[in-house]
Amino acid sequence: MSVHENRRRNLRRTLRKAKVDALLVTNFLNVTYLTGFTGDDSYLLVTLDDELLITDKRYDEQLETECPDLTLVVRGPGQMMMPTTIDTIKSLAIEKLGVESSSITLALHNTLSEKLGELEIDVEPIANAIEDLRMVKDKEEIEAIRHAIYVAERAFGVVRSSLRCETTEFEVATELEYQVRQFGGTCLSFPALVGNGPRGALPHVQPGQRKIGESDFTLIDWGARANHYVSDLTRMVVTGKISSKFRKLYNIVLEANLAGIAAIKPGAKCEDVDAAARNVIEKAGQGPKFGHGLGHGIGLLVHEAPRLSRNLPDAVLEAGMVITIEPGVYFPGWGGIRIEDDVLVTRTGYEVLTNVPKQLDDCLLS
């Protein structure tokens, strides 16, 4: 059984529990996850014993390469997607159709409900049926994430070695994008966040024309997309003398990062992992300065389930999840410090997948 067949088999278990006859997958990313097809403008109809990809002739050659064994419903010129989808559903023995309530548009849902209602087919919203499966990565996904981390780290190594005080935040971000592509990545996983000095106090700072030599330290948050999967890392770069304030705060954040990682294991509550790191920062008297959750899942997207944050009693880690651990403290007018790693939950605990050094002395530019 191929990896995509296995994913569809797991989805069918969910459909049986939901008591629906089929699921119409309209999220293109989820179509890719279930089939390996990387095009768009295509829906996947998964029944309890079969699947059909509703697509069009532009993708004939691509489909033959990426998923040659998939049953296709191919639209020709002038054939619209919605009538073709309705006709395909009508041709099958479907009484209750599931739809992806977390991503389907209201207009599409209303059209399906109206047209299928005339055929006495019920439309049943199902939340996160595929996203829940995507939380736990299979071997192929883990290897893809490892590669995305490798690409991101190689790119950062080149950029870091070429940094000069006159380099602007924007130039850092642009060069990261270029180097990710040089090392075989598709692109950055998200627009790189580069904040020098006070601008680092913005957790989602957008790089500007400020030079990294204008303050003693710069926050860089970046990642790579490669083979459809992503990585997500944050490191600090120090261009001047390490001040006593920076040293103290950096060591607090590093201790929190290590404490959060140490709490990772199968069965651990996400809120408890968050608390392990947050308690370090709170005991140091900086609790109010850590204003976001500890981390999140990564995979096909840079922000996926699970979330590591407070008040999530039902969210539990499982082996195969890949999560970020990214504690930070932020001081308007002074700057921010964040350290972020990507971590695999293993059967016995965890494996830190990122390898960029993060001790205080490693932040200094040579």
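**Exercise 1. How many of the residues of strand β12 (residues 233-238) are buried?** Then look at the two faces of β12 and work out which residues sit on each.

*Solution.* Keep in mind that this is a predicted model.

Step 1. Go along β12 and check each residue: six of its six residues are buried, so the strand is mostly covered.

Step 2. Now sort them by face. In a regular strand the side chains alternate between the two faces of the sheet. Here, Leu233, Arg235 and Val237 lie on one side, while Thr234, Met236 and Val238 lie on the other. Both faces of β12 are covered.

Step 3. Find a partner. Strand β9 (residues 217-222) pairs with β12 over six bridges, in the antiparallel sense. For one spot to click on, try valine 237 in β12: threonine 218 stands opposite.

**Exercise 2. Find the order of the strands in the open sheet that holds β7, β10 and β11, and say which strands stand at its edges.**

*Solution.* Step 1. The order is β7-β10-β11, and the pairing is antiparallel.

Step 2. β7 (187-188) and β11 (229-230) each have a single partner strand, so they stand at the edges, with one side of each left without a neighbour in the sheet.

Step 3. Zoom in on β7 and strand β10 (residues 224-226): they pair over two bridges. Cysteine 187 has arginine 225 in β10 as its bridge partner.

Step 4. Add the helix. Helix α7 (residues 139-161) packs on this sheet and touches β10 and β11. The direction of α7 makes about 135° with that of β10.

**Exercise 3. Describe how helices α4 and α5 cross, and what kinds of residues meet there.**

*Solution.* Step 1. Take α4 (residues 81-90) and α5 (residues 106-117): their axes come within 11 Å and cross at roughly 45°. That angle makes α4 oblique to α5.

Step 2. Check the hand: the crossing of α4 and α5 is right-handed.

Step 3. List who meets whom. From α4 come Met82, Ile86 and Ile89; from α5 come Leu108, Thr111, Leu112, Lys115 and Leu116.

Step 4. Sort them by type, and you get six nonpolar, one polar and one charged.

**Exercise 4. Is threonine 167 buried or exposed?**

*Solution.* Step 1. Locate threonine 167: it's in the loop between α7 and α8 (169-182).

Step 2. Use the cut-off: buried means under 20% relative accessible area. Threonine 167 has 13% relative accessibility, so it counts as buried.

Step 3. See what surrounds it. Leaving aside neighbours within four places in sequence, threonine 167 is in contact with Ser162, Val172, Arg210, Lys211 and Ile212.

Key
Residues numbered from 1 in each chain as written. Predicted model: local features only at pLDDT ≥ 70, side-chain atom pairs only at ≥ 80, totals over all residues. Heavy atoms only, no water. Axes fitted to C-alpha atoms, helices over the stretch in contact; angles between N-to-C directions. Helix = DSSP H or I, 4+ residues; strand = E, 2+ residues; numbered from the N terminus. Parallel < 35°, antiparallel > 145°, perpendicular 65-115°, else oblique. Left-handed = near helix turned anticlockwise from the far one by under 90°. Contact = heavy atoms within 4.5 Å. Nonpolar A, V, L, I, M, F, W, Y, C, P; charged D, E, K, R; others polar. Pairing = 2+ DSSP bridges. Buried < 20%, exposed > 50% of the residue type's maximum accessible area, 1.4 Å probe, protein only.
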